[in-house]
Amino acid sequence: MRIALIQCNPLIGDLAGNRAALVEHCLEAIASGASLGLAPELALWGYPPRDLLLQPALLRQQHKQLDLLASALPAGFNLLAGVVEPAGKHLFNGMALIQKNTWQVVARKQLLPSYDVFDEQRYFLPGDQPCWIDLEETPGQQPLRLGLTLCEDLWVGEHLASNQPNPIAALAPFKPELLINLSASPYGRGKQQQRQMLAAAAARELQCAVVYVNQVGGNDELIFDGNSFVMAASGNLLLQLPCAKTKVECWDSDSKTATLQTNGDYLATNSSTSEQEEIWQILVLGLQDYAKKCGFSSALIGLSGGIDSALVACLAAAALGADRVRCVLMPSPYSSAGSLSDAEALAQRLSLRHSQISIAPLMAEFNRSLNPALDGNPEGISAENLQSRIRGTLLMAIANQEGQLLLATGNKSELAVGYCTLYGDMNGGLAVIGDLFKTDVFALAAWLDSPASKKQRELNGLPLEGPLIGAEIREKPPSAELRPDQKDSDSLPQYPLLDPMLRELLENNASTEELISAGFNEDLLKRVQKLVRRSEFKRRQAAPVLKVSGRSFGSGWRMPIASGG
């Protein structure tokens with residue numbers, strides 16, 4: 001049987017638009033000779049639909065769109081796609097078999113994730129039995145037995161609770177000839193290797209090939225990387241689809257021992273693609289889709305001459321095109337001449353439209369206005385934050401006037417310890433690098449300025465020769481430049497010391513005792529923990545953060561603001 005893996009990029013809640021896109025993908029698959037198409041989990045809805053699932057009108061509309069989808073398919077072609085199954089007052093996360101003029105739900109998801117960014121138990125009931133179908137390619141032909149699973153159903157192993165079903169083991173008595181997994185699995189570092197390890201284990205347990213089809217595209221904070229694949233019963237990779245790209249690719253089910261089918265754009269487990277290149281692709285896709293799906297055609301950035309805003313400018317130029325990105329330089333009396341010239345040079349290298357607004361007159365006017373109320377001019381942190389808020393106000397005014405998406409440029413280290421200003425540098429509709437620690441920012445910038453980035457530069461329409469960010473920006477000591485000769489290290493530990501501590505605290509939930517045993521200084525650790533706790537109110541008001549780590553400051557971060565923990 002010739003099977004098409006449909007790695008599609010849906011818009012959440014746009015059932016009609018997603019159905020139309022699925023029809024186009026199916027027609028492409030049919031033109032390639034496929035008789036079975038596989039589309040991701042909740043393919044008509046997009047994932048995660050969240051509280052849209054509570055709207056009865058959308059549930060009724062799904063029925064209509066499934067009817068239209070079935071009527072558009074030619075006889076002899078079958079489509080398996082993720083759907084919502086209403087059952088009385090309850091919902092199931094299901095899979096439908098869609099054929100010419102007919103469709104039926106044939107599987108229900110058994111394992112419902114409710115951790116990190118997932119909250120499926122809020123909406124769905126779990127399925128309670130293994131699911132499989134016998135599918136004929138043509139009438140009278142020997143049918144192919146397909147085991148059917150949805151996303152988390154594949155994630156079985158040591159972490160599986162004793163009271164949870166094992167959807168893979170439960171399929172063994174039915175001897176499937178092929179295991180299907182329709183997924184909506186967002187990107188995370190190292191996650192593709194986990195998926196392939198789980199698929200290989202399932203393939204060996206059931207002694208059949210595994211076809212894994214994943215959603216692609218950015219939906220709010222989450223970025224789905226695609227990376228669909230076929231795994232042989234032996235655990236060897238047979239087919240690998242691209243990362244961060246919509247794609248329809250066909251595979252013949254009788255080619256279970258074929259060599260890996262791939263091309264230069266695809267990221268396989270044995271690929272030479274670095275983690276930095278993968279993160280670049282994911283962030284470009286996330287920014288591109290966030291802007292497109294939210295109705296923005298252009299972006300605005302406050303360009304400071306520092307490495308954070310420089311990296312965001314490069315990502316924006318790659319995602320939207322240089323002609324759709326505007327930068328504003330806003331020097332103060334404390335801005336160094338080097339920062340201003342570095343920012344201008346970066347904008348010129350990227351061919352970004354840029355302008356300059358000095359904030360010195362506004363600072364002076366605020367001082368005059370506040371002087372009677374404060375019995376003097378603002379000082380210390382108040383004066384520093386005031387500069388940031390002046391810049392934030394200017395940026396918001398320009399973005400409002402020109403209909404641009406203002407991009408926040410803060411990183412995860414700053415968000416973690418509160419080294420950022422509410423209604424100032426935190427302003428924006430999207431925090432592009434808010435899930436990258438400062439050391440990650442330096443690493444990604446170094447990769448971008450290296451020859452290793454040439455392929456992605458070419459794909460993204462960026463200059464091919466020379467550095468983009470430049471050594472002047474990459475090598476200068478980090479500074480907010482809000483007072484004379486200020487350095488981040490005046491207020492924070494050096495980032496190579498701070499970031500590993502933050503990574504353990506935030507992403508690995510390490511305890512104080514574990515970190516002290518690992519060699520972290522106890523006094524410094526307690527200081528950092530206090531900063532993290534006291535900054536929760538800022539993060540609650542921050543722009544959405546594009547997620548690339550195992551745990552970001554987003555829907556998966558659910559800390560109280562008032563806390564003694």
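This briefing walks through a sheet, a cavity and one well-connected loop residue, Glu507. The model is a predicted one, so keep that in mind as you look around. In the sheet, six strands line up in an open arrangement. Elsewhere, the structure holds one cavity of 30 Å³ or more, and Glu507 sits in a loop between two helices.

**The sheet and its edges**

- Reading across the open sheet, the strands come in the order S6-S7-S8-S9-S12-S13, and their pairing is mixed.
- Strand S6 (131–135) and strand S13 (237–240) are the edge strands; each has a single partner, so one side of each is left without a neighbour in the sheet.
- From one strand to the next, the twist averages 20 degrees.
- Helix H4 (residues 191–206) packs on this sheet, where it touches strand S8 (178–183), strand S9 (209–214), S12 and S13.
- The direction of helix H4 makes about 35 degrees with that of S12.
- A handy general point for viewing any sheet is that side chains in a regular strand alternate between its two faces.

**The hairpin of S12 and S13**

- Strand S12 (residues 229–231) pairs with S13 in the antiparallel sense, over three bridges.
- To find your way along this pair, look for Phe229, which stands opposite Gln240 in S13.
- Five residues lie between the two strands of the hairpin, and Gly235 takes a positive phi near 95 degrees.

**The cavity**

- As a general idea, rolling a probe the size of a water molecule over the atoms shows where empty space is left.
- How much space lies in the largest cavity? It holds about 90 Å³.
- Its lining is made of Ala408, Gly410, Glu414, Leu415, Cys420, Asp425, Met426, Ala431, Ala542 and Ala543.
- Sorted by character, the lining residues of the largest cavity are seven nonpolar, one polar and two charged.

**Glu507 and its contacts**

- You can find Glu507 in the loop between helix H14 (495–506) and helix H15 (512–517).
- Which residues does Glu507 contact, leaving aside its neighbours within four places in sequence? They are Lys412, Phe437, Leu502, Ser549 and Arg551.
- With Lys412, the side chain of Glu507 forms a side-chain polar contact of 2.7 Å.
- The side chains of Glu507 and Ser549 also make a polar contact, at 3.5 Å.
- Glu507 and Gly550 are 43 residues apart along the chain, yet their C-alpha atoms are separated by 6.3 Å.

Terms used. Residues are numbered from 1 along each chain as its sequence is written. This is a predicted model: local features need pLDDT of at least 70, side-chain atom pairs count only at pLDDT 80 or more; totals for chains, interfaces and linings use all residues. Side-chain values use heavy atoms; hydrogens and water are left out. Two strands pair if DSSP finds at least two bridges between them. Helices (H or I, at least four residues) and strands (E, at least two) are DSSP runs, numbered from the N terminus. Axes are lines fitted to C-alpha atoms, for helices over the stretch in contact, and angles run from 0 to 180 degrees between N-to-C directions. Contact means heavy atoms within 4.5 Å. On a 1 Å grid over the protein atoms alone, a cavity is a set of points where a 1.4 Å probe fits but cannot get out, and a pocket is an open set with protein on both sides within 12 Å along at least five of seven lines; lining residues have an atom within 4 Å of a point. Grid points are joined across faces, edges and corners, and a volume is the space filled by probe spheres set on the points. Ala, Val, Leu, Ile, Met, Phe, Trp, Tyr, Cys and Pro count as nonpolar, Asp, Glu, Lys and Arg as charged, and the others, Gly among them, as polar. A polar contact is a pair of N or O atoms within 3.5 Å; within protein, one must be able to donate a hydrogen and the other to accept it, and residues adjacent in sequence count only if both atoms are side-chain atoms.
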